Amino acid sequence: MNTLAFSATIAGASFCAGFLGSLTGLGGGFIVTPVLTLVFGADIRYAIGASLISIIATSSGAAAAYVKEGFTNLRVGMLLEIATVLGALVGASLVTAFPTRAIMVAFGTVLLVSAYLTTRPHAEHLTADLPPDRLASRLRLDGSYPTSEGQRRYRVRHVPGGFALMWVAGVLSGLLGIGSGAVKVLAMDQVMYLPFKVSTATSNFMIGVTAAASAGIYLRHGFVDPGLAMPVMLGVLAGSLVGARLLFGANTARLRLLFAVALVAVAAEMIYKGAAGGR
Amino acid sequence: MRAPWRSVKDADVQQAVGNLLRVGVLLAAAVVLAGGAIFLWHHGGDVPDYRVFRGEPVDLRAFVGIVRDAFTGSGRGLIQLGLLILVATPVARVAFTAVAFGLERDRTYALVALLVLSLLLKSLAG
């Protein structure tokens, strides 16, 4: 296959990844890396380099829409970015020293956990009537977001716990070239009791900054190949834009479950190949 | 009478941040697309190999080299420049929020944004 055919194939596969990623909320990076490594046989370092870059494009696009509609909690996002950026710097420094087989096993494992996290039923915490949390009040983190019945207020809790889990999300992002959206949402909606929609919006807001922290290290170590990153970035971006258009009104519960099953199979293959020593 | 900076509100910051992110992503995609066209024009017939990791040549690993390559009309250099613009987009957003929260007289969050900005710049500069 020559470069032209190769680029077109990668762009097509990346389009599908971006489309499914935005439709299911799992993000495109989780599909791009396994496709590049398992199907196209690329070295995982090239794969996570291209994936990390494409994540900045899709998350910034989604973040732009959410932030304008008023779902994003800017203060929560900015505060927790300290944790994710510090984590990403650790993760991206580790990956340059890790053997590729260990990266594959870690990727498969995190993929399994994320597939579980995004399909689990999420209970909404109603926090409007709770007494204010001292730290959250001092940092003015409480906020409100638009619903069909007007603005709804919410309170934020457990800031240190959320901060710690965000650091872990940052490490995983830098180590595997993913957005860690599932872990970021978990930290906000389950630990800090933010509404699910606000958690998703704020997670998208933070993913670009977290990825930018690792991108410098990836670039310096030669992980980012323009010939590979070009079709991946353009394909994933286009796919996610189309997916976001369809998202409104679509029933994604069944699709998400189907997708999670497929991801479990991919994760198992990654772990097997990494552990057995194949590519 | 209110001084102009007093009228800077969270809602204004939200709109501006949204626009900034959108412009950055679109600009990056346009540059990558242009670079990709040049790259495929010259190298479309080559056979790619990503099985063995060799790492990128030194000039495609850092800011100065990438910009120099891009301005000589190299497709790979131009793609890499587009990717740099993409990486710079969230960094610019953090810088913008630092200024915006400063204008809002929100010293805590201006400092938070400056801290994140300095970590990002340190990482990018090596």
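# Chat about a two-chain model

Reader: Which residues in H2(A) are buried?
Author: The buried ones in H2(A) are Gly29(A), Phe30(A), Ile31(A), Val32(A), Thr33(A), Pro34(A), Val35(A), Leu36(A) and Thr37(A). Buried here says that 20 or more other C-beta atoms lie within 10 Å of the residue's own; 12 or fewer is exposed, in between is partly exposed, and the C-beta atoms are placed from the backbone.

Reader: Before we go on, what sort of model is this, and how are things numbered?
Author: This is a predicted model, where local features need pLDDT of at least 70 and side-chain atom pairs count only at pLDDT 80 or more, while totals for chains, interfaces and linings use all residues. Residues are numbered from 1 along each chain as its sequence is written, and chains are lettered from A and ligands numbered from 1 in the order in which they are written.

Reader: Back to helix H2 of chain A: how many of its residues are buried?
Author: Nine of the 11 residues are buried, so this helix, residues 29–39, is mostly covered. Helices are DSSP runs of H or I with at least four residues, strands are runs of E with at least two, and both are numbered from the N terminus.

Reader: And what happens to phi just after H2(A)?
Author: Gly41(A), just after H2(A), has a positive phi of about 65 degrees.

Reader: Ok, zoom out. How many helices and strands does chain A have?
Author: Chain A has 11 helices and two strands. Starting at the N terminus, the order is α-α-α-α-α-α-β-β-α-α-α-α-α.

Reader: What radius of gyration does chain A have?
Author: 18 Å, which agrees with the value near 19 Å for a compact globule of 279 residues. The radius is taken over C-alpha atoms, and the globule rule is 2.2 Å times the number of residues to the power 0.38. The C-alpha trace spans about 60 × 40 × 30 Å along its principal axes, and 59% of the 279 residues count as buried.

Reader: How does chain B do on that rule, with its 126 residues?
Author: Chain B has 19 Å, whereas a compact globule of 126 residues would be near 14 Å. Its C-alpha atoms fill a box of roughly 65 × 25 × 25 Å along the principal axes. Chain B has four helices and zero strands, and 40% of its 126 residues count as buried.

Reader: Pick a residue there. What does Val31(B) touch?
Author: Leaving out residues up to four places away in sequence, Val31(B) touches Leu78(B), Leu81(B), Gly82(B) and Ile85(B). A contact requires C-beta atoms, placed from the backbone, within 7 Å. Val31(B) sits in helix H1 (residues 10–43) of chain B. The C-alpha atoms of Val31(B) and Leu78(B) are 6.7 Å apart, although the two are 47 residues apart along the chain.

Reader: Why does Val31(B) count as buried?
Author: Because 20 other C-beta atoms lie within 10 Å.

Reader: New topic. How many residues does each of chain A and chain B put into their contact?
Author: Chain A gives 51 residues and chain B gives 55. On the chain A side, H3(A) supplies the largest share, 11 residues. That side has 32 nonpolar, 12 polar and seven charged residues. Ala, Val, Leu, Ile, Met, Phe, Trp, Tyr, Cys and Pro count as nonpolar, Asp, Glu, Lys and Arg as charged, and the others, Gly among them, as polar.

Reader: Now helix packing. At what angle do helix H5 and helix H11 of chain A pack?
Author: H5 (residues 100–119) and H11 (residues 253–276) of chain A pack at about 160 degrees, with axes 8 Å apart. Therefore H5(A) is roughly antiparallel to H11(A). Axes are lines fitted to C-alpha atoms, for helices over the stretch in contact, and angles run from 0 to 180 degrees between N-to-C directions. Under 35 degrees counts as roughly parallel, over 145 as roughly antiparallel, 65 to 115 as roughly perpendicular, and the rest as oblique. The contact of H5(A) with H11(A) has 16 nonpolar, five polar and three charged residues.

Reader: And how do H7 and H9 of chain A cross?
Author: The axes of H7(A) (residues 159–176) and H9(A) come within 9 Å and cross at roughly 45 degrees, which means H7(A) is oblique to H9(A).

Reader: Which residues in H7(A) and H9(A) meet?
Author: Gly170(A), Ser173(A) and Gly174(A) of H7(A) meet Thr210(A), Ala211(A) and Ser214(A) of H9(A). By class, this contact has one nonpolar, five polar and no charged residues.

Definitions and conventions:
Two residues are in contact if their C-beta atoms, placed from the backbone, lie within 7 Å.
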